[in-house]
Amino acid sequence: MLGEDHSLLHEFPEYQAVITKLCQSDSAFTKDAKHYDALDKEIRELELNGAPIDDDAMHQLKHDRAELKDSLYKRLSNQ
């Protein structure tokens, strides 16, 4: 679905307490979580506006978001 919310809390609601804890205690996690949510917001806005960028650029944004999501999930699941 276009414009679907993939924010960190939406993707991992079961880790809400862990996300909050890590955002308060781990600056690297906080930085990555903010970057992930910013990428997600950018992708959603582009999708809702008819993706006014080329396909390769959109694919790269989604690839970057997926890699960051995997990295964040590993850190969340190890808590």
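The following exchange examines how several structural labels are justified in this predicted model.

Me: What makes up the secondary structure of the chain, and in what order do its elements run?

Reply: The secondary structure comes to 4 helices and 0 strands. From the N terminus on, the elements run α-α-α-α. The C-alpha atoms fill a box of roughly 40 × 20 × 15 Å along the principal axes, and buried residues make up 27% of the 79 residues.

Me: Why is T30 called buried?

Reply: T30 has a relative accessibility of 14%. Buried means under 20%, so T30 counts as buried. The residue lies in helix α3, which covers residues 27-48.

Me: Which residues is T30 in contact with, leaving aside its neighbours within four places in sequence?

Reply: With those neighbours left aside, T30 is in contact with L22 and C23.

Me: What makes the approach of T30 to C23 a polar contact?

Reply: A polar atom of the T30 side chain lies 2.9 Å from the backbone oxygen of C23. The limit for a pair of N or O atoms is 3.5 Å, and one atom must be able to donate a hydrogen and the other to accept it. The distance of 2.9 Å is within that limit, so the distance condition is met.

Me: How do you know that S7 is buried?

Reply: The relative accessible area of S7 is 18%. The cut-off for buried is under 20%, and S7 is therefore buried. S7 is placed in the segment before α1. Leaving aside neighbours within four places in sequence, its contacts are Y36, D37, D40 and R44.

Me: Which residues of the largest nonpolar core touch the most other members?

Reply: This core has 16 residues, and those that touch the most other members are L8, I19, F29, L72 and L76. The elements giving two or more residues to this core are α2 (16-25), α3 and α4 (55-77). Helix α3 gives the most, with 6 residues. As for L8, its contacts, apart from neighbours within four places in sequence, are I19, F29, A33, Y36, D37 and L72.

Me: How do you know that the span of α4 is close to the expected one?

Reply: Helix α4 has 23 residues and reaches 32 Å from its first C-alpha to its last. The expected span at 1.5 Å a residue is 33 Å, and the computed span is close to this value.

Me: Which residues of α4 are buried, and which elements do they pack against?

Reply: The buried residues of α4 are M58, L61, R65, L68, L72 and L76. They pack against α1 (8-11), α2 and α3.

Me: What makes D54 a cap of α4?

Reply: A side-chain oxygen of D54 lies 3.1 Å from the backbone nitrogen of D56. The limit for a polar contact is 3.5 Å, and the distance falls within this limit. D54 caps the N-terminal end of the helix.

Me: How many aromatic pairs does a search of the whole structure find, and why is the pair of F12 and Y15 given its label?

Reply: The search finds 3 aromatic pairs. The ring centres of F12 and Y15 are 6.3 Å apart, and their planes stand at 75 degrees. Centres must lie within 6.5 Å to pair, and planes over 60 degrees apart count as edge-to-face; the pair is therefore edge-to-face. F12 is buried at a relative accessible area of 7%, and Y15 counts as buried at 18% relative accessibility.

Me: What makes Y15 and Y73 an edge-to-face pair?

Reply: Their centres are 6.0 Å apart, with 80 degrees between the planes. The limits are within 6.5 Å and over 60 degrees, and both values satisfy them. This pair links distant parts of the chain: Y15 is in the loop between α1 and α2, Y73 is in helix α4, and they are 58 residues apart. F12, Y15 and Y73 form one aromatic cluster.

Me: Why are Y73 and D70 not placed among the buried residues?

Reply: Y73 has 35% relative accessibility, and D70 has 48%. Buried requires under 20% and exposed over 50%, with partly exposed in between. Y73 therefore counts as partly exposed, and so does D70. D70 is found in helix α4.

Technical notes: Residues are numbered from 1 along each chain as its sequence is written. This is a predicted model: local features need pLDDT of at least 70, side-chain atom pairs count only at pLDDT 80 or more; totals for chains, interfaces and linings use all residues. Side-chain values use heavy atoms; hydrogens and water are left out. Buried means under 20% relative accessible area, exposed over 50%, partly exposed in between (1.4 Å probe, protein chains only). Contact means heavy atoms within 4.5 Å. A nonpolar core is a set of buried Ala, Val, Leu, Ile, Met, Phe, Trp, Tyr and Cys residues joined through side-chain atoms within 4.5 Å. The expected span of a helix is 1.5 Å times one less than its number of residues. Rings of Phe, Tyr and Trp (its six-membered ring) pair if their centres lie within 6.5 Å; planes under 30 degrees apart count as stacked, over 60 as edge-to-face and the rest as tilted.
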